[in-house]
Amino acid sequence: MGGIGYIYLGFASHHMPVYQQQQEAKGGEGEVSSSKLSRPILSFVCFMLFLFYTCSGAVERVFQSMATTWSLCGPLALSPSMAALTDSFYSGGFMFGRLASIPLASCLRPTCLVTTSTLGVLLAALFLYTAGPLHWAFLYPAAALVGLLVSWQFGAAFSWAAKRMDVT
């Protein structure tokens, strides 16, 4: 239900409130422009951001549980304790990736981080698809790599969007 509300707000022509500090900095009573992009381009960018966050959120949340289920019931048919390690490797990679993304964000541009993360997740997923069913030794590092790379996406994409439009 909340998503429907956000979609409505995205298409409504409401304006963000202008804060007093912004008005004083501008030296006038007028409204501060939230974007220098035309409406069709801004709509396209918002749609692409929505699509990106939907896909990266799906990888971030759905992959974790499905990888454990797949390692338990899939071609490897791992024992429950070994299948649970898939989740541990994914979560460990995710945690390390979030910690590593802090210094990376200070020296790399958000565009570079988003591109690297997206392509890296794609390559890790392809490796997981081809080598994961063969042996658990391929499954665990691939799951850790997916977790590591997908963890950069939210913060980097948010920073990237903030440089192009007012995200408040």
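**Overall make-up**

I began with the secondary structure of the protein chain, which comes to seven helices and zero strands. I note at once that this is a predicted model, and that every entry below rests on it. Reading from the N terminus, I wrote the order of elements down as α-α-α-α-α-α-α. I then looked up burial for the chain and found that buried residues make up 29% of its 168 residues.

**Helix H5**

I turned next to H5, which covers residues 110–131 and has 22 residues. From its first C-alpha to its last I have 31 Å, close to the 32 Å expected at 1.5 Å a residue. Which residues of H5 are buried? My list reads Pro110, Leu113, Val114, Ser117, Gly120, Val121, Ala124, Leu128 and Ala131. They cover an arc of only 155° around the axis, so I place them on the same side of H5. For the background I recall that an α-helix has 3.6 residues a turn, so residues three or four places apart point the same way. On the face of H5 turned away from that buried side, I found the exposed residues Leu123, Tyr129 and Thr130.

I also picked out Thr116, which is found in helix H5 and is partly exposed, its relative accessible area being 38%. Its C-alpha atom is separated by 8.1 Å from that of Leu149, although the two residues stand 33 residues apart along the chain.

**How H6 lies against H4 and H5**

I compared the axes of H6 with those of two other helices, taking H4 as residues 80–107 and H6 as residues 136–150. How do H4 and H6 run relative to each other, roughly parallel or roughly antiparallel? Their axes come within 6 Å and cross at roughly 30°, and H4 and H6 are therefore roughly parallel to each other. The crossing in which H4 passes H6 is right-handed.

For H5 and H6 I noted that the axes come within 9 Å and cross at roughly 165°. That angle makes H5 roughly antiparallel to H6, and I recorded the crossing in which H5 passes H6 as left-handed.

**The loop between H3 and H4**

I then went to the loop between helix H3, residues 39–73, and H4, where Ala77 has its place. Ala77 caught my attention with a positive phi of about 45°, although it is not a glycine. At 52% relative accessibility, I count Ala77 as exposed.

Is Gly74, which I looked up next, buried or exposed? Gly74 also lies in the loop between H3 and H4, and at 18% relative accessibility it counts as buried, the cut-off being under 20%. I found Gly74 and Pro133 to be 7.8 Å apart in space, C-alpha to C-alpha, while they are 59 residues apart in sequence.

**Cysteines**

My last entry concerns disulfides, of which a search of the whole structure finds zero. Why does Cys107 form no bond with Cys112? The closest cysteine sulfur to that of Cys107 is in Cys112, 8.9 Å away, and this is too far for a bond, since a disulfide needs a pair of cysteine sulfur atoms within 2.5 Å. I also looked up accessibility, and Cys107 counts as exposed at 58%, while Cys73, with a relative accessible area of 63%, is exposed as well.

Methods: Residues are numbered from 1 along each chain as its sequence is written. This is a predicted model: local features need pLDDT of at least 70, side-chain atom pairs count only at pLDDT 80 or more; totals for chains, interfaces and linings use all residues. Side-chain values use heavy atoms; hydrogens and water are left out. Buried means under 20% relative accessible area, exposed over 50%, partly exposed in between (1.4 Å probe, protein chains only). Helices (H or I, at least four residues) and strands (E, at least two) are DSSP runs, numbered from the N terminus. The expected span of a helix is 1.5 Å times one less than its number of residues. The arc is that of the directions from the helix axis to the C-beta atoms. Axes are lines fitted to C-alpha atoms, for helices over the stretch in contact, and angles run from 0 to 180 degrees between N-to-C directions. Angles under 35 degrees count as roughly parallel, over 145 as roughly antiparallel, 65 to 115 as roughly perpendicular and the rest as oblique. A crossing is left-handed if the near helix is turned anticlockwise from the far one by less than a right angle, and right-handed if clockwise.
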